[in-house]
Amino acid sequence: MKVLVTGAAGFIGSHTARRLLARGEVVVGIDNLNDYYDPQLKLDRIKWVEEAGGDFTFKKLDLADRPGIEALFAEEKFDRVINLAAQAGVRYSIDNPNAYVDSNLVGFVNILEGCRHNNVEHLVYASSSSVYGANESMPFSVNDNVDHPLSLYAATKKANELMAHTYSHLYQMPTTGLRFFTVYGPWGRPDMAPWKFVERITNDRPIQVYNFGDHQRDFTYIDDIVSGVIHTLDNVASGNPDWSAATPDAATSKGPWRVYNIGNQKPVELMDFIGAIEDALGKEAEKEMLPMQAGDVPATYADVEALVRDVGYRPKTDIVEGVNNFVEWYRGYHAT
């Protein structure tokens, strides 16, 4: 297959591109290489993908560039698309809302239009656990109400699901949204807690622990996430013939539209996660205990049984193994 991976210079995108190449797919990756965090890390990820070998092409392109996206789809004739490009970050969206409109809304409709007009067989796109917002029912189920987001980032991800649904309904275009829970591992993002914790502890600086440490996160290792993404890509979305407007299933539709959680289904106490990092580094952290941040939620916990049932997804990596792998990579990356 020829597969487009957007956000190919990103954390999940680079790993996904490498996995696709390893099984012989033709991969075209795009990314705008913005400076939300150090672009050098993004360039290093692209180099890492290229080192894997295989048929890989990278193009610098912004999702919001409508003529550029139209030309890309017309020229390449992709079989399937994995849309992982987005303006990420909950707290950044509070101060920089327009960045989320450009990338997550304008950019996403450009991808939908590209798929629609070029007969793409399946679009898999990144949603987020943040769509659960004020929901306090655990574990989070794709059947839960997600109409009360707590950040603009979360609202754009919910909007992506709705936008995809209209295209699946109107044009019978198969789309699948994956609600990612907290992803970590080698080549991770420096704006996320695992990287920040390792960096600060390594450099004898205090770590900031929000909500006074009373957080739970469904930390999910990158290799497990990528396996789920690719299994989902292979399992083309189909309509639910039993769907009823009288008792609507929030995760399916009469059209070929699906939404799934993708997480570890084993929430970890934040203090236990920090403890695993301390053990891997052989150093205790100095902790600055702080209140909850705006837009944040106290806990995430994914019910992934639908993804297990439909695509055979099953996370395998425990926190100790995953944290050790990340710390080993971090030390090697910063030693070069």
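## Helix α8

The expected span of a helix is 1.5 Å times one less than its number of residues. In this predicted model, helix α8 has 13 residues, so it should span 18 Å, and the 19 Å that separates its end C-alpha atoms agrees with that expectation.

The buried residues of α8 are I222, D224, I225, V226, G228, V229, I230, T232 and L233, a list in which the acidic residue D224 stands beside nonpolar residues such as I222 and V226.

## The loop after α8

Between α8, which covers residues 222-234, and β11, which covers residues 257-262, runs a loop that holds D249. The relative accessible area of D249 is 24%, and because the partly exposed class lies between 20% and 50%, D249 is counted as partly exposed.

When residues up to four places away in sequence are left aside, D249 touches N143, N240 and W243. One of these, N143, is 106 residues away from D249 along the chain, yet the C-alpha atoms of the two are separated by 6.5 Å. The side chain of D249 is also joined to that of T252, through a polar contact of 2.9 Å.

## I201 in helix α7

Helix α7, made of residues 193-202, contains I201, which has a relative accessible area of 2% and is therefore buried, the limit for that class being under 20%. Not counting residues up to four places away in sequence, the residues that I201 touches are I207, I277, E278, L281, K283, E284 and A285.

A separation in sequence does not by itself tell where two residues lie in space, as a pair that includes I201 may illustrate. I201 and V49 are 152 residues apart along the chain, and their C-alpha atoms are separated by 29 Å, whereas D249 and N143, which are 106 residues apart, have C-alpha atoms separated by 6.5 Å.

## Helix α5 and a nonpolar patch

Helix α5 spans residues 97-117 and includes V101, a residue that is partly exposed with a relative accessible area of 33%. Together with V106 and L152, V101 makes a nonpolar surface patch of about 180 Å². The 33% value of V101 matters here because residues enter such a patch if they have over 30% relative accessible area and no salt bridge.

In α5 there is also a salt bridge between E113 and R116, with the closest N and O atoms 3.1 Å apart. Because these two residues are three places apart in the helix, they are separated by about one helical turn. E113 is partly exposed, with a relative accessible area of 26%, and R116 is likewise partly exposed, with a value of 31%.

## Salt bridges around D310

The count of salt bridges comes to 14, and among them is the pair of D310 and R258, in which the closest N and O atoms are 4.0 Å apart. This pair links distant parts of the chain, since D310 belongs to helix α10 (residues 305-311) and R258 to strand β11, 52 residues apart. The two partners fall into separate accessibility classes: D310, at 23%, counts as partly exposed, while R258, at 13%, is buried.

D310 also forms a salt bridge with R309, where the closest N and O atoms are 2.8 Å apart. R309 counts as exposed, with a relative accessibility of 61%. Elsewhere, salt bridges that share partners join K2, K59, E75 and E76 into one network.

Definitions and conventions:
Residues numbered from 1 in each chain as written. Predicted model: local features only at pLDDT ≥ 70, side-chain atom pairs only at ≥ 80, totals over all residues. Heavy atoms only, no water. Patch = residues over 30% accessible without salt bridge, like charges linked within 9 Å, V, L, I, M, F, W, Y side chains within 5 Å. Areas by Shrake-Rupley, 256 points an atom, 1.4 Å probe, with all protein chains shown as cover. Salt bridge = Lys/Arg side-chain N within 4 Å of Asp/Glu carboxyl O. Helix = DSSP H or I, 4+ residues; strand = E, 2+ residues; numbered from the N terminus. Buried < 20%, exposed > 50% of the residue type's maximum accessible area, 1.4 Å probe, protein only. Contact = heavy atoms within 4.5 Å. Polar contact = N/O pair within 3.5 Å; in protein donor to acceptor, adjacent residues only side chain to side chain.
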